[in-house]
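Student: I would like to learn how to read the inside of a protein model. Please take cavities, then cores, then cysteines.

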Amino acid sequence: MRTRMAITSGRAGSGSFSEKFDRGDFFHEPSGVRYHVYREDGNDYFRFQIADPQGRLHGTRRLEYYIGSGAVARSYLTRVDGFLYESPVSYYSMSGKWAPSPGYEQYKYIYLTRTIGLSCLQCHASRPQWIPGTQNGFRDPPFLENGVSCERCHGPGQAHIEKMKSGH
């Protein structure tokens with residue numbers, strides 16, 4: 001059995017607390033994007049809509065994984081063809097509402113392709129399954145353990161067990 005030091009990642013909709021969706025609508029003024037975050041059939045999604053000169057740009061993305069303990073906030077990852085991206089929407093626990101993800105406040109356009117690389121997951125998840133030669137490609141699931149496990153910082157547990165058995 002593996003012990004986790006911090007629950008800082010996992011499947012969206014799981015973890016130590018439950019996000020609320022009654023305050024899932026917000027407007028990001030710099031980009032002109034209206035967001036709606038919701039849960040449907042056990043999955044979490046965000047819908048986006050922006051007016052542009054050629055018509056209406058809109059779409060939906062599934063929030064597949066979360067990053068962050070939720071003590072202050074949680075950010076979310078979307079997945080497209082095995083590649084991970086940070087969602088522009090995050091849940092802020094203290095206020096109980098959805099708002100732009102950290103760093104997204106500055107963008108004057110919709111940004112759906114902010115990559116999640118190996119360095120991101122190494123801080124928030126354990127045993128990431130990165131595909132070498134890609135920037136943000138990961139096997140499914142992208143990490144084998146939610147949160148930060150002991151092995152993430154201290155190395156393989158088997159080495160610790162062998163050391164304890166040897167008496168050194």
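**Cavity, core and cysteines**

Tutor: By class, 8 nonpolar, 2 polar and no charged residues line the largest cavity. Ala, Val, Leu, Ile, Met, Phe, Trp, Tyr, Cys and Pro count as nonpolar, Asp, Glu, Lys and Arg as charged, and the others, Gly among them, as polar. This is a predicted model, where local features need pLDDT of at least 70, side-chain atom pairs count only at pLDDT 80 or more, and totals for chains, interfaces and linings use all residues. Residues are numbered from 1 along each chain as its sequence is written, and side-chain values use heavy atoms, with hydrogens and water left out.

Student: Which residues touch the most other members of the largest nonpolar core?

Tutor: A nonpolar core is a set of buried (under 20% relative accessible area) Ala, Val, Leu, Ile, Met, Phe, Trp, Tyr and Cys residues joined through side-chain atoms within 4.5 Å. Here the largest has 16 residues, and Tyr-35, Phe-46, Phe-48, Leu-63, Tyr-76, Val-89 and Trp-98 touch the most other members. A second, separate core has 9 residues, including Leu-84 and Phe-138.

Student: How many disulfides does a search of the whole structure find?

Tutor: A disulfide is a covalent bond between the sulfur atoms of two cysteines. The test is a pair of cysteine sulfur atoms within 2.5 Å. The search finds 0 disulfides. Cys-120 is in none, and its nearest cysteine sulfur, that of Cys-123, is 7.9 Å away.

Student: Is Cys-120 buried or partly exposed?

Tutor: Cys-120 is partly exposed, at a relative accessible area of 31%; that class lies between buried and exposed (over 50%), using a 1.4 Å probe and protein chains only.
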